Amino acid sequence: MTTPQFSTKVRCFHDGDCPICKAEVKAMKRLDRDGAIEWVDIVRDQAALDSAGISYKQAMERIHVIDENRQLQTGARAFLVLWKRLPYYRRLAVLVETLPGLLPLMECAYRLFAYYRLPLTGKRRIDEKN
């Protein structure tokens with residue numbers, strides 16, 4: 001399988017204090033040998049969130065990725081943007097986009113995970129406006 005070439009980096013906003021997120025991002029970073037993804041830790045870079053127009057609360061509730069067209073993607077679609085740039089994951093992205101009903105199922109599973117992510121990692125949900 002040939003490696004697709006992307007002219008623009010995508011930006012992934014992730015929670016650097018979440019052990020689940022850290023493990024997943026660490027694995028993806030190892031595969032991102034071409035540097036196709038800019039990894040932004042939302043806990044340590046509030047300015048990046050501000051410049052993207054994403055509140056801290058929004059970023060803590062769902063994964064956010066700015067794609068190559070400067071469009072904001074969240075949830076399952078955000079993962080697809082990332083996976084298309086990573087070896088091994090590319091095949092998964094093709095399956096998710098090809099098989100009918102898989103993307104909505106993945107989004108449903110992601111929403112469930114995202115809802116319980118903070119309590120599972122010992123954090124409180126963000127209630128205040130940011």
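**View 1. Isoleucine 42, buried in the loop after β2.** With a relative accessibility of 1%, isoleucine 42 counts as buried (buried means under 20% relative accessible area, exposed over 50%, and partly exposed in between, with a 1.4 Å probe and protein chains only). The model shown here is predicted, so to speak with its own filters: local features need pLDDT of at least 70, side-chain atom pairs count only at pLDDT 80 or more, and totals for chains, interfaces and linings use all residues. Residues are numbered from 1 along each chain as its sequence is written, and side-chain values use heavy atoms, with hydrogens and water left out.**View 2. The surroundings of isoleucine 42.** Isoleucine 42 sits in the loop that runs between β2 and α2 (46-52); helices (H or I, at least four residues) and strands (E, at least two) are DSSP runs numbered from the N terminus. Leaving aside residues up to four places away in sequence, isoleucine 42 touches Phe13, His14, Asp15, Leu49, Tyr56, Ala59 and Met60, where contact means heavy atoms within 4.5 Å. Take aspartate 15 from that list: its C-alpha is 5.5 Å from that of isoleucine 42, although 27 residues separate the two in sequence.

**View 3. The open sheet of four strands.** The strand order is β2-β1-β3-β4, and the pairing is mixed; two strands pair if DSSP finds at least two bridges between them. β2 (37-41) and β4 (72-74) are at the edges with a single partner strand each, so one side of each has no neighbour in the sheet. From one strand to the next, the twist averages 25 degrees, with axes fitted as lines to C-alpha atoms and angles running from 0 to 180 degrees between N-to-C directions.

**View 4. Strands β1 and β3, side by side.** Strands of a sheet pair through backbone hydrogen bonds, either parallel or antiparallel. Here, β1 (residues 10-14) and β3 (residues 64-66) pair in the antiparallel sense over three bridges. To find your way between them, look for cysteine 12, whose bridge partner in β3 is valine 65.

**View 5. Phenylalanine 79 and tryptophan 83 in helix α4.** The count of aromatic pairs comes to five; rings of Phe, Tyr and Trp (its six-membered ring) pair if their centres lie within 6.5 Å, and planes under 30 degrees apart count as stacked, over 60 as edge-to-face and the rest as tilted. One of these pairs joins phenylalanine 79 and tryptophan 83, tilted at 45 degrees between the planes and 5.8 Å centre to centre. The two are four residues apart in helix α4 (residues 75-83), which puts about one helical turn between them. Both phenylalanine 79 and tryptophan 83 are buried.

**View 6. Tyrosine 110 and phenylalanine 113 in helix α6.** The ring centres of tyrosine 110 and phenylalanine 113 are 6.2 Å apart and their planes stand at 50 degrees, so this pair is tilted. Both residues lie in helix α6 (residues 102-120), three residues apart, or about one turn of the helix. Tyrosine 110 counts as buried at 11% relative accessibility, whereas phenylalanine 113 is partly exposed, with a relative accessible area of 29%. Ring pairs link both of them with Phe79, Trp83 and Tyr89 into a cluster.

**View 7. Stepping back to the whole protein.** The protein has six helices and four strands, arranged along the sequence as β-α-β-α-α-β-β-α-α-α. Of its 130 residues, 42% are buried. Among contacts between residues at least 6 apart in sequence, 63% join residues at least 24 apart.
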